[in-house]
Amino acid sequence: MLQRILVSLMLLVMSVYAQAQGIDFRLSSESAEFNYLMKTTTKIGVGGADVGMGLFWNENDDLLANFKGTVSGALTGTNRSVSIGGGIKFVLGKVDRLDDDSDNEIGSLAIGGKIAYIFPATTPMSVYVEGFYAPDVTSFADNKSFTELNIGFDVEVAAQSRLYVGYHKMEVDFEDGLSDYELDDNLHVGVQLSF
């Protein structure tokens with residue numbers, strides 16, 4: 001049931017925004033994530049707003065839909081090689097924990113930020129750290145918190161495409177007091193394309 005709701009919601013929003021601004025696809029040995037970007041700034045170091053939605057899944061049959069909106073820009077002053085930003089991420093999905101016989105539904109509204117250092121080079125490239133956190137007060141369904149961390153290195157290979165490598169950790173904490181459940185804890189590679 002939840003899967004049908006997630007897919008229906010994604011198709012509805014995608015039909016409203018029939019002209020995508022871009023796509024982002026990330027793979028690891030145990031997980032994958034696809035994001036549909038409705039508004040994005042592909043160039044490294046250029047500030048602006050990023051709005052998108054996507055699906056994350058892993059080999060344990062966990063499935064999460066997300067909607068993310070962030071803004072970023074260069075720091076004022078003389079250090080323009082540092083970009084900083086923040087935003088929100090809404091996640092909704094189901095997980096299939098090994099310590100529980102039934103599927104658990106999760107939902108959270110997380111707040112987060114990103115900081116990046118842009119290397120002064122002919123080919124734009126950067127290192128970045130991005131994180132999101134939702135405490136108990138903004139989490140619902142079966143979970144009481146949501147945490148996500150991205151650390152990576154990206155390079156702009158063409159005017160409208162970026163390649164990146166990094167580390168992704170995502171976990172939820174449940175109401176029943178069982179241990180934190182890791183949805184992802186892997187190195188990944190990805191590509192972001194804009195149209």
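In which strand is Val189 found? The legends below address this residue and others in a predicted model.

**View 1. Overall arrangement of the protein.** The predicted model contains one helix and 11 strands. Along the sequence, these elements follow the order α-β-β-β-β-β-β-β-β-β-β-β. The protein has 195 residues, of which 43% count as buried. Among contacts with a separation of 6 or more, 51% join residues 24 or more positions apart. The exposed area of the protein is about 10,000 Å², and carbon and sulfur atoms supply 62% of this area.

**View 2. Val189 in strand β11.** Val189 is found in strand β11, which spans residues 181–194. Its relative accessible area is 48%, so Val189 is classed as partly exposed. Val189 also belongs to a nonpolar surface patch.

**View 3. The nonpolar surface patch.** The patch covers about 780 Å². Its aromatic members are Phe25, Phe34, Trp57, Tyr117, Phe119 and Phe153. Leu27, Val127, Val165 and Val189 also contribute to the patch.

**View 4. Ser83 and its surroundings.** Ser83 is found in strand β5, formed by residues 82–95. With a relative accessible area of 12%, Ser83 lies under the 20% cut-off and is therefore buried. When residues up to four places away in sequence are not counted, Ser83 touches Ser72, Gly73 and Ala74, together with Lys114, Ile115, Ala116 and Ile118.

Technical notes:
Residues numbered from 1 in each chain as written. Predicted model: local features only at pLDDT ≥ 70, side-chain atom pairs only at ≥ 80, totals over all residues. Heavy atoms only, no water. Helix = DSSP H or I, 4+ residues; strand = E, 2+ residues; numbered from the N terminus. Buried < 20%, exposed > 50% of the residue type's maximum accessible area, 1.4 Å probe, protein only. Contact = heavy atoms within 4.5 Å. Areas by Shrake-Rupley, 256 points an atom, 1.4 Å probe, with all protein chains shown as cover. Patch = residues over 30% accessible without salt bridge, like charges linked within 9 Å, V, L, I, M, F, W, Y side chains within 5 Å. Salt bridge = Lys/Arg side-chain N within 4 Å of Asp/Glu carboxyl O.
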